[in-house]
Amino acid sequence: MNLLKPLSSFLVAVSVFAFATPAVSAANFSEPKVASVYAKISLNTDRKIAKIRGISAENRIKIVAARENLKNAFLALDAAFKRSDSERQRAVNRLVRAYSDLNLLIRISNPASPSTQTASQTSDSPSSPAVSPSLSAEAQILYYADMFEGRGTANGDRFSQSTYSAARCAIDLGRLIQVSAGSKSVVVKANDRPNCTVHPDIVDLSKIAFEALAPLSKGRLSGSFEPLGITPAGYRKELVAQNVLADLGVRFDENLPNTYFPGETLLVSWTVTDGKDDTVLFLKSPSGKKFSRSIPVSSGRFSYRVPLFETGKYDLVVASGMGFSTTKTQPIYVLPESAVVGKRALSEFSTPIQMGAPEFVREESSDLTPINVLKLPKTGARILWTVKISQPGIEPLVRRSMGDVAFEVSDAARFDSSKPVRVSISAAESSTPFSMDTFSTEKTVFDAEMPLAPSYVVEKKEAVTVSVSGSEAIVRTNLASGGPNLRTEAYLMAPNGDVTPHVFPSSETGADGYVAKGRSATLRIPLSDPGQYLVEVMYSNGFPAYNGPIVHQSGVASILPNEYDSMGKDTDSDVSVAPQNALRFINAIRKKAGKPALVLDSNLERLARFKAEDMAENNYVGHDDSAGAKINGTAKRAGIEIGSSLGENVAGGSVWSDFLLAGLSLSGGHRMNMLGDWTKLGVAAVVRNGMTYYVQIFAE
């Protein structure tokens with residue numbers, strides 16, 4: 001073996017430098033040729049390192065370690081010098097890698113090195129983007145040939161063109177690097193080495209990573225890269241395939257990114273493929289917390305948003321039906337921010353965005369578990385949105401997403417609900433669906449104070465729409481002939497919680513006294529105070545056909561809990577506390593609306609219990625009792641004398657009485673009863689066969 005020839009070629013191909021006086025002398029080597037080359041390399045590296053100014057403590061430690069690694073590589077070559085050709089070649093390859101590693105570390109540690117400057121850093125133009133300090137090194141960027149698919153990489157991974165990975169000399173295996181070309185970049189995991197003897201300064205990307213920068217037809221790009229943070233063992237950056245859970249009866253609607261940062265939203269969208277009417281989403285956090293939603297599916301498709309907070313590996317399963325049995329889970333990684341420290345912005349934000357007041361929407365699963373979602377513009381570009389909600393003296397709430405941003409109901413607990421919050425929304429462009437691949441500066445697209453308000457879901461069972469035009473709420477119906485009857489009153493709950501009824505004009509009323517059917521009908525309701533209102537239109541039986549929020553004038557940050565959110569749903573709860581709970585709750589909303597407090601009345605409680613027992617025994621929920629009588633007639637049946645007019649609210653369901661109480665308070669007509677000119681209250685709840693039957697009775 002001619003040792004000097006490959007080493008000489010190696011010395012010509014790469015610049016050389018050292019960090020300290022060699023700790024190994026010529027006497028440590030048995031082969032004079034190895035000792036001679038080692039001495040020359042050490043001398044040259046000493047000269048190079050002496051020129052570095054302002055080296056950081058972290059980089060100094062890295063260079064010391066790389067220098068030690070190079071020394072050990074020379075010793076290994078010396079030991080293998082007279083062994084087989086394959087052993088000598090492995091030792092040479094080790095030496096090449098060690099030397100290239102040291103080469104790169106010296107280059108990125110030298111602030112004066114021309115190779116650490118990019119076009120954006122050397123320009124004095126005031127339009128140049130602000131770029132954070134980085135350890136940038138120039139590189140030629142290529143991509144793997146398909147022949148390497150499935151082969152082992154230097155760190156033991158299996159190479160795949162569908163994972164965002166790279167081969168690079170002089171980088172810790174498992175480290176993320178930001179690879180940039182022109183105004184775009186992509187973050188990849190370094191898990192392999194190229195032939196460092198021939199190509200010490202290239203970055204070899206998987207095809208999917210290269211395509212984030214340019215079409216494959218480009219073949220080779222001139223660019224740069226920055227070393228970032230180390231990833232956890234076993235981590236792969238990839239898109240979860242659409243059909244990966246096909247055996248569980250579902251297909252993802254698009255490939256799902258498997259990597260996020262704390263506070264980011266995971267959006268899972270899928271289609272049920274086996275015809276079942278239900279679907280389940282299961283997610284287990286790194287600490288073992290389990291999140292599960294079993295949801296009826298409309299048209300075979302569903303989606304759900306989950307804010308992610310814990311760093312580490314989540315396990316995700318989506319399946320059709322009401323449950324699943326599988327050992328297959330999809331890993332979803334939440335990396336700490338430190339994983340991308342040093343990532344650069346390459347360009348100014350350029351995507352045009354038109355954004356008015358942001359719209360917050362409440363979504364609920366079938367068990368009424370809520371999530372608040374901030375709807376954001378659809379731009380056609382890949383945008384990372386960052387939403388910051390703040391009040392003076394309180395830690396800001398920050399959430400992010402590569403789409404609409406999700407908030408948990410508990411997120412707003414930190415804020416004073418009586419004061420406005422500042423909502424600031426910024427955007428950054430990304431070369432892929434991964435938030436870690438943002439390459440532009442952030443641009444603020446919205447920044448204003450907004451009042452806080454509770455979030456409410458829209459409940460719609462008929463062809464009813466409600467919109468705001470100027471200072472009016474416009475209620476429109478388009479009911480089919482022969483359909484159910486709608487009352488002609490629409491109820492409007494104002495921002496202060498008070499309720500007023502508004503009646504459809506006679507021209508919009510049918511001969512039967514209900515809202516006209518077989519044609520459209522319109523009701524205009526004047527709005528006064530700015531803020532969030534609730535509008536309800538009822539069936540003739542008192543159940544809502546439409547109930548939902550509207551916003552007048554400026555937008556609102558509707559992320560506060562509503563009346564449901566503090567209520568339990570368990571039917572095994574103690575219903576004996578229902579009267580006191582109702583009294584506190586109803587008096588609180590009366591106080592907000594400027595109404596005097598009510599008191600509990602024993603006669604009304606007896607009547608309420610009689611009516612609740614009657615509903616339970618006869619399995620109905622309604623104002624007509626089992627004998628067909630209204631509440632005054634029910635009182636006579638019970639032998640209870642009531643000397644004044646009465647108001648009645650009834651409800652039922654497989655939930656606790658307080659949950660029914662909250663529901664009644666969000667129904668316009670029932671809330672009007674709660675806010676009426678009464679002085680006394682009676683309440684009772686009866687649980688029968690898992691069903692709660694609930695009654696409120698009001699009197700003067």
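Which residue stands opposite Met493 in E31? Leu534 does, and the legend to View 5 returns to the pair. The model is predicted: local features need pLDDT of at least 70, side-chain atom pairs count only at pLDDT 80 or more, and totals for chains, interfaces and linings use all residues. Residues are numbered from 1 along each chain as its sequence is written, and side-chain values use heavy atoms, with hydrogens and water left out.

**View 1. The whole chain, with its 11 helices and 37 strands.** Helices (H or I, at least four residues) and strands (E, at least two) are DSSP runs, numbered from the N terminus. The protein chain has 700 residues, and 51% of them count as buried. Buried means under 20% relative accessible area, exposed means over 50%, and partly exposed lies in between (1.4 Å probe, protein chains only). Contact means heavy atoms within 4.5 Å. Among contacts between residues at least 6 apart in sequence, 69% join residues at least 24 apart. The accessible surface comes to about 30700 Å², by the Shrake-Rupley method with a 1.4 Å probe. Carbon and sulfur atoms hold 50% of that surface.

**View 2. A barrel closed by 6 strands.** The order is E1-E5-E2-E4-E3-E6, and the pairing is mixed. Neighbouring strands of this sheet are turned by 45° against each other on average, direction ignored. Such angles run from 0 to 180 degrees between N-to-C directions, with axes fitted as lines to C-alpha atoms. E1 (residues 137-143) pairs with E5 (residues 202-205) in the parallel sense, over 4 bridges. Two strands pair if DSSP finds at least two bridges between them. On E1, Tyr143 stands opposite Leu205 in E5.

**View 3. Salt bridges at Arg175 and at Glu226.** The structure holds 31 salt bridges. Each is a side-chain nitrogen of Lys or Arg within 4 Å of a carboxyl oxygen of Asp or Glu. Side chains of opposite charge can pair when their charged atoms come close. Arg175 meets Asp172 at 2.8 Å, N to O. Arg175 counts as buried because its relative accessibility is 11%. Asp172 has a relative accessible area of 41%, so it is partly exposed. Glu226 forms a salt bridge with Arg344, with the closest N and O atoms 2.9 Å apart. This pair links distant parts of the chain, 118 residues apart. Glu226 sits in strand E6 (residues 221-230), and Arg344 in the loop between E16 and strand E17 (359-364). Both partners are buried: Glu226 has 0% relative accessibility, and Arg344 has 3%.

**View 4. A salt bridge between two loops, Lys378 to Asp404.** The side chains meet at 3.2 Å, N to O. Lys378 lies in the loop between strand E18 (370-375) and strand E19 (383-390). Asp404 lies in the loop between strand E20 (397-401) and strand E21 (405-407), so the pair ties together parts that are 26 residues apart in sequence. Salt bridges that share partners join Arg305, Glu363, Lys375, Lys378 and Asp404 into one network. Is Lys378 buried or exposed? Lys378 counts as exposed because its relative accessibility is 68%. Asp404, at 7%, counts as buried.

**View 5. Strand E28 and its two partners, E31 and E29.** E28 (residues 486-493) has 6 of its 8 residues buried, so the strand is largely enclosed by the rest of the structure. It runs antiparallel to E31 (residues 531-539), with 5 bridges between them. It also runs antiparallel to E29 (residues 499-503), again with 5 bridges. Met493 stands opposite Leu534 in E31 and opposite Val499 in E29. The hairpin of E28 and E29 has 5 residues between the strands. There, Gly497 takes a positive phi near 95°.

**View 6. Helix H7 and the elements packed against it.** H7 (residues 578-592) has 15 residues and reaches 21 Å from its first C-alpha to its last. That is close to the 21 Å expected, a span defined as 1.5 Å times one less than the number of residues. Its buried residues include Leu583, Phe585, Ile586 and Ile589. The buried residues pack against several elements, among them helix H8 (602-618), helix H10 (657-665) and strand E36 (680-688). Just after H7, Gly594 takes a positive phi of about 80°.
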